[in-house]
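Reader: I have a model open and want to learn how to read it. Please take me through it feature by feature.

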Amino acid sequence: MAIPAPTVIFGGTILSEGAANLTMDTYRGPFTSRSAAVLACIWDINPSSKNKPVGNPPSAHVLRLPKEVDKSKDPKMNERMRILDKFETDQRAVDAQRVMKWLDALKDEPKYKGDWLHLHVEIDGIYPKIVRELRVSPRFTMQQLHLQVLGPAIGWTQGLHAYMFRRTMESPITKSNPLTDGPISPEEQEKFQREYLDMMEREVWIGPIKSTALDIQFHYCFCGGAYADDRKVRLGELVDDRGYGTLTYVHDLGDWWSHTIRISPWTEVKEKEKEDGTASCPLEAATILSGAGACPPEDVGGIRGYMSTMMRVMGNFPI
């Protein structure tokens, strides 16, 4: 089975004399070692470029030119695009094989048989915390989970930005209670690091194969050259047979709003329905149980931009 290459649609406008309106966005997420090296090489080819990485972590402006533009009139730009295109082609070929292997392994994993899952969703790196508690059917595809559940529940604008999911594992530091469990031993930390790296070698990202969002161009920076089709993977397939699991959910690959989704089985609904006599909800339904914190504004500049904006708005008042 061939993995389709992600289709990216941009709105570059052809101008006179072969010029183009470059489609640009700022990337504030993490880099793989290879993508960082390639992008550093591209910036070095044009030292006068204003699109150099700044800050820590670095930012990246990835440029796209419409195919109709004759790039040979600008040798430096032509060389930059050649390096970027080769990197993307090679990365797509490697990651397509990983995605196929992952999908085959997913079919053989034990499946969760329950009717509902409990989701604790938290935006990473923000305090006070922005959280949502949800009851969700495991039959949702990951596309439905983003469009019909997570986006509306958190407050993200639908259809504006790209998104990605990936299975991960929670650190024992965040899982433990230091008041009752005591400090995490170095051996436990080392064991977690080994298991985490082994898991990340196997896991792949899940996202939209076709997207008109400008920030989808950044998937090569960290998410790889190919990813699983979010229309064909269901939430229930990403948890173990008991209903437990942890996901990373990223909204806006530019501002890189990373969320941690902690999943556990939901067993209270049947007892509640027995008590009040209500009929079962459709399997496609989801319910917001509780939450705290308003959704950050779109395109505010990621966590740094959000916190900077909040400081300007609130001044010395606590937030």
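The dialogue below goes from the overall make-up to a strand, a helix and some charged pairs.

Author: This is a predicted model, where local features need pLDDT of at least 70, side-chain atom pairs count only at pLDDT 80 or more, and totals for chains, interfaces and linings use all residues. Residues are numbered from 1 along each chain as its sequence is written, and side-chain values use heavy atoms, with hydrogens and water left out.

Reader: How many helices and strands does the protein have?

Author: Helices (H or I, at least four residues) and strands (E, at least two) are DSSP runs, numbered from the N terminus. The protein has nine helices and 12 strands.

Reader: What share of the 319 residues is buried?

Author: Buried means under 20% relative accessible area, exposed over 50%, and partly exposed in between (1.4 Å probe, protein chains only). Here 44% of the 319 residues are buried.

Reader: How do I read the two faces of a strand?

Author: In a regular strand, side chains alternate between the two faces of the sheet. Take strand S5, residues 131-136. Both faces are covered: Val131, Glu133 and Arg135 are buried on one side, Arg132, Leu134 and Val136 on the other.

Reader: Which strand does S5 pair with over six bridges in the antiparallel sense?

Author: Two strands pair if DSSP finds at least two bridges between them. S5 pairs that way with S12, residues 286-292. There, Arg132 stands opposite Gly291. S4 (residues 117-123) also runs antiparallel to S5, joined by six bridges. In that pairing, His120 has Glu133 as its bridge partner.

Reader: How do I check whether a helix is straight?

Author: Compare its end-to-end distance with the expected span, 1.5 Å times one less than its number of residues. Helix H3 has 13 residues, and its end C-alpha atoms are only 16 Å apart, short of the 18 Å of a straight helix. Gly155 follows H3 and has a positive phi, near 120 degrees.

Reader: And the charged pairs?

Author: Side chains of opposite charge can pair when their charged atoms come close. A salt bridge is a side-chain nitrogen of Lys or Arg within 4 Å of a carboxyl oxygen of Asp or Glu. The count is 11.

Reader: Where do Glu109 and Arg167 sit in the chain?

Author: Their side chains meet in a salt bridge at 3.0 Å, N to O. Glu109 is in the loop between helix H2 and S4, and Arg167 is in strand S6, 58 residues apart. Arg167 also forms a salt bridge with Glu203, at 3.1 Å. Both Arg167 and Glu203 are buried.
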